[in-house]
Amino acid sequence: MNRPLSPVPRAHATADDTVPPNHPITLDDLLARRAATLRATPEAAGEAGWQPEDDVDWSRLALRLRTAIELDEELMLEVVADGDEPLVIDVGDRTFWWHLPLSDFPARVRSLAITPVDARTYDPGGAGHDLEPLLWQVAHASFDGGRARWLRPGDRYKLRRWPNLTALPHDSEQVRAMSLLGQAALTAEEFSSVAGIDEADAVRLLSALSLMGLLRVQSADARAAAPRIIVQPPREVGLFARLRGLFGR
């Protein structure tokens, strides 16, 4: 049985602390305000009875995990959502511990606190679960269902390897779309067009596969050296026909 971590003191900020007076609002300011909201918990308000104006998603955790995975950090995080028992993630070992089944993963929460912890203070009481299915869930529950912040317009993506689909909630349309990413490097727009899916669905899938570390990225800066790609409406039925239409063949 998992043993909860001892409470760890957390620093709390307010949205007003993030932007100087008379300073024009920028995207970074808005992200800072959102991060401050995600840090807040009911305990931070004491007797004031703090209540968030709206529920929040898992974007901040997705961004932290993305950085840790990209830098290959030996990092352990304690994540407390809505004051529930902690989700503990060991990024280095690609494992996690949580009492909640991923089938019950909450897409929206009222509060979210993320704290780095010393691995020596945690006694899991058993083997952890594979991190990949959790990353899939976190990505789908982040960025208001849209494009992950690290996905740059114009970059192309190709599938490195297939995820373990037996552990992921998915449908046949996602499997068909992923098969295209295994055959060609595509931008989000090209991926949406060739796969015949909404752009919102395309970027959600790309965000999840990217967070899981399953995509090769061709930078937009390298486009000048790449063959010119023309996206045309497919005239034939079938995946290979769509690819021929995409590359103008």
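Axes here are lines fitted to C-alpha atoms, for helices over the stretch in contact, and angles between N-to-C directions run from 0 to 180 degrees. Keep that in mind for the helix stops below. The model is predicted.

**Stop 1: colour by confidence**

Colour the chain by pLDDT. The average for the protein is 75. A score of at least 70 is reached by 67% of the residues. Now select residues 1–25. Here pLDDT stays under 50, and the model has 42 contacts for this stretch beyond four places in sequence. Next select residues 27–54. This stretch also stays under 50, with 46 contacts beyond four places in sequence.

**Stop 2: the sheet**

Show the strands. Five of them form an open sheet, in the order β4-β1-β2-β3-β5, and the pairing is antiparallel. Which strands stand at the edges? Select 112–116 for β4 and 129–130 for β5. Each has a single partner strand, so one side of each is left without a neighbour in the sheet.

Move to residues 76–81, strand β1. Five bridges join β1 to β4, and the two run antiparallel. For one pair to click on, take Ala81: its bridge partner in β4 is Leu112.

Add residues 59–70. This is helix α2, which packs on the sheet. Helix α2 touches β1, β4 and β2, the last at 87–90. The direction of α2 makes about 175° with that of β1.

**Stop 3: α4 against α6**

Select residues 172–181 for α4 and residues 199–211 for α6. The two helices pack at an angle of about 65°, and their axes are 11 Å apart. Angles of 65 to 115 degrees count as roughly perpendicular, so α4 is roughly perpendicular to α6. Their crossing is right-handed.

Show side chains at the contact. From α4 come Gln174, Ala177, Met178 and Leu181; from α6 come Leu205, Leu206 and Leu209. Six of these residues are nonpolar, one is polar and none is charged.

**Stop 4: α4 against α5**

Keep α4 and add residues 188–195, helix α5. What is the angle between α4 and α5? It is about 125°, with the axes 10 Å apart. The two helices are therefore oblique to each other. The crossing of α4 and α5 is right-handed.

Select the contact residues: Arg176, Ala177, Leu180 and Leu181 on α4, with Phe191, Val194 and Ala195 on α5. By class, six are nonpolar, none is polar and one is charged.

Key
Residues numbered from 1 in each chain as written. Predicted model: local features only at pLDDT ≥ 70, side-chain atom pairs only at ≥ 80, totals over all residues. Heavy atoms only, no water. Helix = DSSP H or I, 4+ residues; strand = E, 2+ residues; numbered from the N terminus. Parallel < 35°, antiparallel > 145°, perpendicular 65-115°, else oblique. Left-handed = near helix turned anticlockwise from the far one by under 90°. Contact = heavy atoms within 4.5 Å. Nonpolar A, V, L, I, M, F, W, Y, C, P; charged D, E, K, R; others polar. Pairing = 2+ DSSP bridges. pLDDT = per-residue confidence, 0-100.
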